[in-house]
Amino acid sequence: MKKLLAGSALALIASVGMASAGDLTCLITKNNTNPFFVKMKEGAEAAATAAGMDFQAYAGVTDGDAAPQINAIENCVASGAKGILITPSNDSVGPALIDARAAGVLVIALDTPLADKNAQDMTFATDNFEAGLLIGRWAAATLGADAANAKIGMLDINKDNISVDVARDTGFLVGFGIEVPNLNVMGSETDPRVIGHETSYASVEGGVTAMENLLAREPDINVVYTINEPAAEGAYQALQNAGKTGVLVVSVDGGCPGIASVKEGVIGATSQQYPLLMASKGVEAIAKFAADGTKPSASDGLTFFNTGVNLVTDAPVDGVPSIDSDRGTELCWG
């Protein structure tokens, strides 16, 4: 299935025409160690080769690390890139991207849209609100009547209100049945079931610290939302260290290690997204733009190009569509 996903994307590139020899596409990710971004690079590089384009890849060091990304944007523009694919660390990269667009570069945000609409031509992404909604609905349905007395810990990326962070966080809460007055920021809810929001930096180490902080506030937490699966792994380690069992941990990503954690019962459910398709379809769009100036369009009813999401769990519940961990393994990455 993974080969089919990659193959279909490359076939689409061939169908829209090849870019001119030497045309450059750039990929700029938040870091080069997260398997999600590794898979993006794999998909983008293969797609660029198939489209006859040169390819350069850049990365920050950690989530929220914008300076290396701004330098990379400037380097790509100076090198005459036809398009830039970027998973922005935060909105401070926006002005550099606006300058890139003014220079005639097609800018496609991958996974994380920027707040300033002028900073990108299009976003290719998972519907991150839907991803959060699915794990929220699953957690509430799994708890049943006990959901009314849940104690929920929220492990976000940081406090910067990065769009992907906000969408997953608020989507989860809405899915769980918690009123969120402002869907554009994290923490606007007043429901006492939410114990607090902690910064995890989307990493294992950050997940451990964030979970320890939440447990210090409320030792009886029984539901943990995590921005991604490395943070979920860290949360689980902290729960184990504290002797806590029976806590529902939910997440988003769908990488192979995360799906293995679902199979092992570490994560109860995760929403699986498809980074290879984000990147390969992004390169397809740049190739078409380089060939005839056509810019990509959003999916019907959305403001971005939707690359899909599936809930993965081995404990399905009525009313929440899902696939099991065996199917998730067929589609995973990393």
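**Before the views: what pairing means here.** Two strands pair if DSSP finds at least two bridges between them. With that in hand, welcome to a predicted model, shown in a handful of close-ups. Strand 4 and strand 5 make a good first example, since they pair in the parallel sense over 3 bridges.

**View 1. An open sheet of 6 strands.** Reading across this sheet, the strands come in the order 2-1-3-4-5-11, and their pairing is parallel. Its edges are strand 2 (54-59) and strand 11 (305-306), each of which pairs on one side only. In general, strands of a sheet pair through backbone hydrogen bonds, either parallel or antiparallel. Look next at the end of the order where strand 11 sits: strand 5 and strand 11 pair in the parallel sense over 2 bridges. Here alanine 125 has asparagine 306, in strand 11, as its bridge partner.

**View 2. Strand 4 and its neighbours.** Is strand 4 (residues 106-110) mostly covered or mostly open? It is mostly covered, with 5 of its 5 residues buried. On one side you will find Leu106, Ile108 and Leu110, on the other Val107 and Ala109, and all of them are buried, leaving both faces of strand 4 covered. Strand 3 (residues 83-86) runs parallel to strand 4 and is joined to it by 4 bridges. One match to look for is leucine 85, whose bridge partner in strand 4 is isoleucine 108. To get from strand 3 to strand 4, the chain passes through helix 4 (residues 94-102), making a right-handed β-α-β crossover. Towards strand 5, alanine 109 stands opposite threonine 123.

**View 3. A salt bridge between distant parts of the chain.** The model holds 10 salt bridges by the rule used here. This view picks out the one between aspartate 253 and arginine 168, whose closest N and O atoms are 3.9 Å apart. The two partners are 85 residues apart and link distant parts of the chain, with aspartate 253 in strand 9 (residues 248-253) and arginine 168 in helix 6. Are these partners buried or exposed? Residues count as buried under 20% relative accessible area. Aspartate 253 has 5% relative accessibility, so it counts as buried. Arginine 168 has 3%, so it is buried too.

**View 4. Two salt bridges within helices.** Begin with helix 10 (residues 275-292), where lysine 288 and aspartate 292 are 4 residues apart and therefore separated by about one helical turn. Their salt bridge has its closest N and O atoms 3.2 Å apart. Both partners are partly exposed: lysine 288 has 26% relative accessibility, and aspartate 292 has 46%. Now move to helix 11 (residues 325-331), where arginine 327 and glutamate 330 are 3 residues apart, which again means a separation of about one helical turn. In the salt bridge between arginine 327 and glutamate 330, the closest N and O atoms are 2.6 Å apart. Arginine 327 is partly exposed at 32%, and glutamate 330 is partly exposed at 40%. Elsewhere, salt bridges that share partners join Arg101, Asp121 and Lys295 into one network.

**View 5. The largest pocket.** How many residues line the largest pocket? There are 26, and those nearest the centre of the pocket are Pro113, Leu114, Ser163, Thr303 and Phe304. The volume of the largest pocket is about 720 Å³. Strand 5 (122-125), helix 5 (128-143) and helix 6 (163-176) each supply at least two residues of its lining. Helix 6 gives the largest share, 5 residues. By residue type, the lining of the largest pocket divides into 12 nonpolar, 9 polar and 5 charged.

**View 6. The cavity.** By the rule used here, the model has 1 cavity of 30 Å³ or more. The volume of the largest cavity is about 130 Å³. Its lining is made up of 14 residues, and Lys30, Phe37, Asp111, Arg168 and Asn228 are the closest to its centre. Which elements give two or more residues to this lining? They are helix 2 (35-51) and helix 6. The lining of the largest cavity comprises 6 nonpolar, 3 polar and 5 charged residues. Arginine 168 is a familiar face from View 3, where it forms a salt bridge with aspartate 253.

Conventions:
Residues numbered from 1 in each chain as written. Predicted model: local features only at pLDDT ≥ 70, side-chain atom pairs only at ≥ 80, totals over all residues. Heavy atoms only, no water. 1 Å grid on protein atoms, 1.4 Å probe; cavity = no way out; pocket = protein on both sides within 12 Å on 5 of 7 lines; lining within 4 Å. Points joined across faces, edges and corners; volume = space filled by probe spheres on them. Nonpolar A, V, L, I, M, F, W, Y, C, P; charged D, E, K, R; others polar. Buried < 20%, exposed > 50% of the residue type's maximum accessible area, 1.4 Å probe, protein only. Right-handed = clockwise from strand over helix to strand, strands pointing away. Salt bridge = Lys/Arg side-chain N within 4 Å of Asp/Glu carboxyl O.
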